[in-house]
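Biologist: Could you take one part of this model and go through it closely, setting it in its surroundings as you go? I would like a connected account rather than a list.

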Amino acid sequence: MTTTQRIHTPFGEESTAAEVIEGVDLTGKRAVVTGASSGLGAETARAFASAGASVTLAVRNTDAGERTAAEIRKATGNDTDQVSRLDLADSASVTAFTSAWTGPLHILVNNAGVMALPTPSTPA
């Protein structure tokens with residue numbers, strides 16, 4: 001017989017990233033957040049930076065990533081975040097990103113998603 005244990009947290013659908021990270025010290029930790037130029041990825045990167053982590057925003061559009069990184073730096077006072085190009089649909093981009101990485105990686109958030117999946121063509 002298999003038993004499953006539920007995980008209980010004080011957080012729910014109304015919880016913010018700031019509430020979840022409150023009291024957590026990530027000083028000295030290195031994080032990569034994919035798809036971090038907007039939305040949930042940007043908020044995750046902001047929360048990690050606010051807790052002291054060095055955050056790499058792994059993004060397809062580095063201009064958008066740089067704007068987000070500047071906002072995070074201003075909001076958190078943490079200037080250790082950086083922006084790196086990473087397009088998960090392009091194996092050369094993935095290879096370049098991983099080849100350029102040095103040192104430890106403590107946190108990886110695979111936030112980037114696939115949008116607008118192609119639909120199969122209907123035979124004529």
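Modeller: This is a predicted model, and a good place to begin is the open sheet, in which four strands follow the order β3-β2-β1-β4 with parallel pairing. Its edge strands are β3 (82-85) and β4 (107-109), each of which pairs on one side only. On average, and ignoring direction, neighbouring strands of this sheet are turned by 20 degrees against each other. The part I would look at closely is helix α2, residues 39-50, which packs on this sheet and touches β1 (30-34), β2 and β4, with a direction that makes about 170 degrees with that of β1.

The helix has the length one would expect, because its twelve residues at 1.5 Å a residue should span 16 Å, and its end C-alpha atoms lie 17 Å apart, which agrees. Just after α2, Gly52 takes a positive phi of about 100 degrees.

Within α2, the buried residues are Gly41, Ala42, Ala45, Ala47, Phe48 and Ala49, and these pack against α1 (17-21), β1, β2, α3 (62-76) and β4. The helix also carries a salt bridge between Glu43 and Arg46, whose closest N and O atoms are 3.2 Å apart. These two residues are three apart in α2, so they are separated by about one helical turn. In general, an α-helix has 3.6 residues a turn, so residues three or four places apart point the same way. Both partners are partly exposed, Glu43 at 38% relative accessibility and Arg46 with a relative accessible area of 21%.

The nonpolar packing around the helix belongs to the largest nonpolar core, which has 18 residues and in which Leu26, Ala45, Phe48, Val55 and Leu57 touch the most other members. Two or more residues of this core come from each of β1, α2, β2 and α3, and α2 gives the most, with four residues. Leu57 shows how the helix meets its surroundings: leaving aside residues up to four places away in sequence, Leu57 touches Ala45, and its other contacts include Val33, Ala36, Ala69, Ile72 and Val83. A second, separate core of five residues includes Ala58, Leu86, Phe97 and Trp101.

Strand β2, residues 54-59, is joined to β3 by four bridges, and the two run parallel; in this pairing Ala58 stands opposite Ser84 in β3. Another helix, α4 (residues 91-100), lies across β1, β2 and β3, running at about 140 degrees to β3.

To place the salt bridge of α2 in context, a search of the whole structure finds three salt bridges. One of them links Arg73 with Asp81, with closest N and O atoms 3.2 Å apart; here Arg73 is partly exposed at 27% relative accessibility, whereas Asp81 is buried at 4%. Asp81 is also among the residues that Leu57 touches. Another salt bridge joins Asp87 to Arg85, the closest N and O atoms being 4.0 Å apart, where Asp87 counts as buried at 17% relative accessibility and Arg85 as partly exposed at 43%.

Methods. Residues numbered from 1 in each chain as written. Predicted model: local features only at pLDDT ≥ 70, side-chain atom pairs only at ≥ 80, totals over all residues. Heavy atoms only, no water. Pairing = 2+ DSSP bridges. Axes fitted to C-alpha atoms, helices over the stretch in contact; angles between N-to-C directions. Contact = heavy atoms within 4.5 Å. Salt bridge = Lys/Arg side-chain N within 4 Å of Asp/Glu carboxyl O. Buried < 20%, exposed > 50% of the residue type's maximum accessible area, 1.4 Å probe, protein only. Expected span 1.5 Å × (residues − 1). Core = buried A, V, L, I, M, F, W, Y, C linked by side-chain atoms within 4.5 Å.
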